[in-house]
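Here is a short briefing on the strands of this structure and how they are arranged. Keep the model open while you read.

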Amino acid sequence: MAASCALFEEESLQSVYSKVICRRLEVKNLLTLFGKRDSCSCPAIFICGHTATGKSYVVQTLLQDMQLPHVTVNCVECFTARLIYECILYQLQETDKQADISSPPKCDNMTDFTRQLKISLLLRDFTKETFYIVLDKADRLRDMETYALPAFLRLQELTQINICVVLISQIVWDKFQVGTGFYEPMSIHFPDYSKAELLEIMAKDCPSLYPVEFYKAYCQLLTSVFYSVCRDLNELRHLALLHFPKYCKPVDSGEAELTDIRKLWRNIEPHLKKALHTVYLREISSDHWQSVLGQNSLSDNENWEEPGVSVRAHIELPFYTKYLLIAAYLASYNPAHTDRRFFTKQGKRSLSNRAKAAAKGKKSNTQLTGPKNFQLDRLMAIFYSIVEESVSPSASILCQISSLVSLNLLAQVTSDDQIDCPKYKCLVNFLTISDIAKQLKFDIMQYLYDFV
């Protein structure tokens with residue numbers, strides 16, 4: 001009997017290794033902390049690592065393939081401690097075929113939870129081996145009741161049952177700001193994937209109609225473009241699957257062979273350059289991007305806007321709001337002592353000579369040092385100077401500033417109760433403000449201190 005159990009565990013472990021790639025060491029560490037089925041496991045395990053490093057996938061695959069009793073709760077979906085308690089009890093209730101699932105359990109506090117959890121585990125005979133509670137996105141526990149996190153760390157002690165709580169988070173344990181009396185969990189760190197490991201994992205997504213080596217070579221080309229700006233496995237897999245049909249189009253049409261890498265690269269290179277603007281941002285949907293890729297040629301899409309900066313720049317803003325945003329950018333990146341030079345008639349006459357003299361003596365580029373704070377009075381003075389029409393001061397103009405703040409195009413530096421001299425900061429980059437200026441036919445280069 002013991003030999004058959006050992007054989008079953010060995011087969012399950014091989015199944016885990018076949019599914020989990022490049023995480024053999026982490027699996028071994030988890031199995032060491034889990035221990036044997038009938039032995040007492042450690043009360044809590046803390047797993048940390050950046051996003052898309054396989055934390056949740058490794059834990060779930062290990063628990064499922066080894067057939068270990070467990071429940072999993074996402075702390076983002078269950079955003080209160082009460083929802084976490086009830087979700088754990090409800091998943092336990094689902095394992096019992098005789099239980100009435102139509103009446104979900106009710107639990108208001110940790111005392112009721114530990115009592116009901118202990119009763120549920122005893123009724124379902126889960127005490128012979130370790131029972132695992134997996135709390136994904138565990139950093140959300142910091143925003144809940146103060147006793148929730150320490151109680152979960154000591155759940156084995158409170159229930160007197162062999163329970164192991166697995167916390168999965170993207171931040172390190174030191175950021176949880178634990179105090180005295182906390183049980184320190186055993187920590188496992190999941191490092192980022194290397195470039196070779198990313199290629200090995202991405203090769204598993206190869207469509208059945210194409211050789212694995214061909215898809216792996218394509219992934220290597222794609223990572224050579226995106227690896228310097230994006231190392232997120234999920235984003236890279238998404239981009240690879242999204243652009244692969246366009247990459248294979250010459251092969252499907254018979255214009256190229258699978259080994260003609262140069263021709264395939266020339267076909268996909270312009271699309272990858274445009275896709276660089278959508279990494280992480282996802283400012284357009286996948287369906288929209290696929291419709292763009294599915295069009296006949298890029299020559300027909302010369303007027304199509306690039307989906308990164310251009311989409312953000314072409315937000316439907318009112319006419320004067322665009323001028324306000326330009327004025328905010330000038331106030332953030334131009335030193336205050338240059339306003340008289342740029343925005344007065346006398347200063348504009350001798351602008352070229354003074355700009356050359358200033359360019360010789362300046363030490364740092366304001367475009368590199370980032371945006372600076374500016375007061376509302378200075379913003380309005382620049383606005384009335386650059387707008388072509390005569391605009392009377394009104395409440396509607398001032399309301400548009402709050403709209404820019406709500407759109408995250410401006411940031412209010414001072415608090416809301418400080419109304420005498422509020423300060424702001426422009427959050428728009430140079431490419432975006434240049435596109436907005438082109439819409440208004442406004443030469444912003446003439447008014448920038450670092451570009452005159």
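Strand β2 (residues 70-74) pairs with β3 in the parallel sense, over five bridges. The model is a predicted one. Start with this pair, then work outwards to the rest of the sheet and on to a second sheet.

**Strand β3 and its partners**
- In the β2-β3 pairing, H70 stands opposite Y132 of β3.
- β3 also pairs with strand β4 (residues 163-169), again in the parallel sense and over five bridges.
- There, F131 has I163 in β4 as its bridge partner.

**Burial of β3**
- How many residues of β3 are buried? Strand β3 spans residues 131-136, and six of its six residues are buried.
- In a regular strand, side chains alternate between the two faces of the sheet.
- On one side of β3, F131, I133 and L135 are buried.
- On the other side, Y132, V134 and D136 are buried too, which leaves both faces of β3 covered.

**The five-stranded sheet**
- Five strands make up this open sheet, in the order β2-β3-β4-β1-β5. The pairing is parallel.
- Which strands stand at the edges? They are β2 and β5 (186-190).
- Each of these two has a single partner strand, so one side of each is left without a neighbour in the sheet.
- On average, neighbouring strands of the sheet are turned by 15° against each other, direction ignored.
- Helix α2 (residues 24-34) lies across β1 (44-49), β3 and β5. The helix runs at about 165° to β5.

**The three-stranded sheet**
- A further open sheet has three strands, in the order β6-β8-β7, and its pairing is antiparallel.
- β6 (374-375) and β7 (410-412) stand at the edges. Each has a single partner strand, so one side of each lacks a neighbour in the sheet.
- Three bridges join β7 to strand β8 (residues 423-426), and the two run antiparallel.
- One residue pair to look up is Q412 with its bridge partner Y424 in β8.
- Helix α21 (residues 395-406) packs on this sheet and touches β7 and β8. The direction of α21 makes about 100° with that of β7.

Conventions: Residues numbered from 1 in each chain as written. Predicted model: local features only at pLDDT ≥ 70, side-chain atom pairs only at ≥ 80, totals over all residues. Heavy atoms only, no water. Pairing = 2+ DSSP bridges. Helix = DSSP H or I, 4+ residues; strand = E, 2+ residues; numbered from the N terminus. Contact = heavy atoms within 4.5 Å. Axes fitted to C-alpha atoms, helices over the stretch in contact; angles between N-to-C directions. Buried < 20%, exposed > 50% of the residue type's maximum accessible area, 1.4 Å probe, protein only.
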